[in-house]
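Here are my notes on the model, point by point. Please read them with the structure open.

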Amino acid sequence: TVYDSIGKNFDSITANNVSFTKSLPVGSNLTVTENITGSYFTASGSTATSTFAGYVGIGTTNPAQRLVVQGASTDAVLANFVSANTFYSGIQLSNSNVGGIEWVLGSSGTADNPAPVGSFFIRDGTNNVNTLAIQKLTGNVGIASTSPNARLSVKGAGTTTGVNFQTTNSSDSPLFTILDSGNVGIGTTSPGAKLHAYSSSDVAM
């Protein structure tokens, strides 16, 4: 038996695609008291756990992907994911192909792990590496850092020769390079001094 939130049961259920001969009232919910199983829909018990083998559309009858949420012109927020987990609330994106990894986008909780509470972060979940974080209130952005102390903070790889920051021209040729050691190179990617400018003649400063 299937009931809506005001207690009215529906007249019939078709197994392959679950359908109802009466419209579900706006704002009501479905409660499943017995199991329903079909080709595209499974629900059991009062928790109404559901699995779908086809395409799911919310706000649309013609979903072109596995899940499509289409809002009205008055809908600024289309989905809200809420969790009271002390570590974080997040969304996980995984690619099961060879070389694919797991990415997590989340909002940190009071445990300050993987980022300070209230931070938005992007994390390589496969290798447990924090790649980007945005602090609440300040808006500071950290690349490879979860505690940026400036509007943009880039954490080095921990080697003196690693490239910490670099700009290139339209041909991807390096123009300006900062190493983990703090050495700055203009026209060179391996500055040997705090400021190393290179042109037709090699001049170290």
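1. Accessible areas here come from the Shrake-Rupley method with a 1.4 Å probe. On that basis the accessible surface of the protein comes to about 13,700 Å². Carbon and sulfur atoms hold 54% of that surface. Keep in mind throughout that this is a predicted model.

2. Next, the overall make-up. The protein has 17 strands and zero helices. It has 205 residues, and 20% of them count as buried. Take the contacts with a separation of 6 or more: residues 24 or more positions apart account for 11% of them.

3. Now the sheet. Which strands form it, and in what order? Six strands make up an open sheet, ordered S7-S8-S9-S10-S11-S12. The pairing is mixed. S7 and S12 (152–154) stand at the edges. Each has a single partner strand, so one side of each is left without a neighbour in the sheet. From one strand to the next, the twist averages 20 degrees.

4. Start at the S7 edge. S7 pairs with S8 in the antiparallel sense, over seven bridges. Within this pairing, Ile91 has Leu105 in S8 as its bridge partner. S8 and S9 also run antiparallel, and five bridges join them. There, Ser107 stands opposite Phe120 in S9.

5. At the other edge, the sense is parallel. Strand S11 (residues 141–143) and S12 pair that way over three bridges. Ile143 has Val154 in S12 as its bridge partner.

6. Ser153 also belongs to strand S12. Is Ser153 buried or exposed? Its relative accessible area is 16%, so Ser153 is buried; the cut-off for buried is under 20%. Leaving out residues up to four places away in sequence, Ser153 touches Val141, Gly142, Ile143 and Pro148. Val141, Gly142 and Ile143 fall within the residue range of S11, 141–143.

7. Look at the loop between strand S8 (102–108) and S9, where Ser119 is placed. Ser119 has a relative accessible area of 2% and is therefore buried. What does Ser119 contact beyond its neighbours within four places in sequence? The list is Gly106, Ser107, Ser108, Ile134, Gln135 and Lys136. Ser107 is the residue that stands opposite Phe120 in S9.

8. Aromatic contacts are quickly covered. The description of such a pair rests on the distance of the ring centres and the angle of the planes. The count comes to one aromatic pair. Its members are Tyr88 and Phe121, with ring centres 5.3 Å apart. Their planes stand at 85 degrees, so the pair is edge-to-face; that class needs an angle over 60 degrees.

9. Where do the two rings sit in the chain? Tyr88 is in strand S7 (residues 88–94), and Phe121 is in strand S9 (residues 120–124). The two are 33 residues apart, and the pair links distant parts of the chain.

10. How does cover compare for the two partners? Phe121 has 0% relative accessibility, so Phe121 counts as buried. Tyr88, at 32% relative accessibility, counts as partly exposed. Tyr88 lies in S7, and S7 is one of the edge strands of the sheet.

Note on methods:
Residues numbered from 1 in each chain as written. Predicted model: local features only at pLDDT ≥ 70, side-chain atom pairs only at ≥ 80, totals over all residues. Heavy atoms only, no water. Phe/Tyr/Trp six-rings, centres within 6.5 Å; stacked < 30°, edge-to-face > 60°. Helix = DSSP H or I, 4+ residues; strand = E, 2+ residues; numbered from the N terminus. Buried < 20%, exposed > 50% of the residue type's maximum accessible area, 1.4 Å probe, protein only. Pairing = 2+ DSSP bridges. Axes fitted to C-alpha atoms, helices over the stretch in contact; angles between N-to-C directions. Contact = heavy atoms within 4.5 Å.
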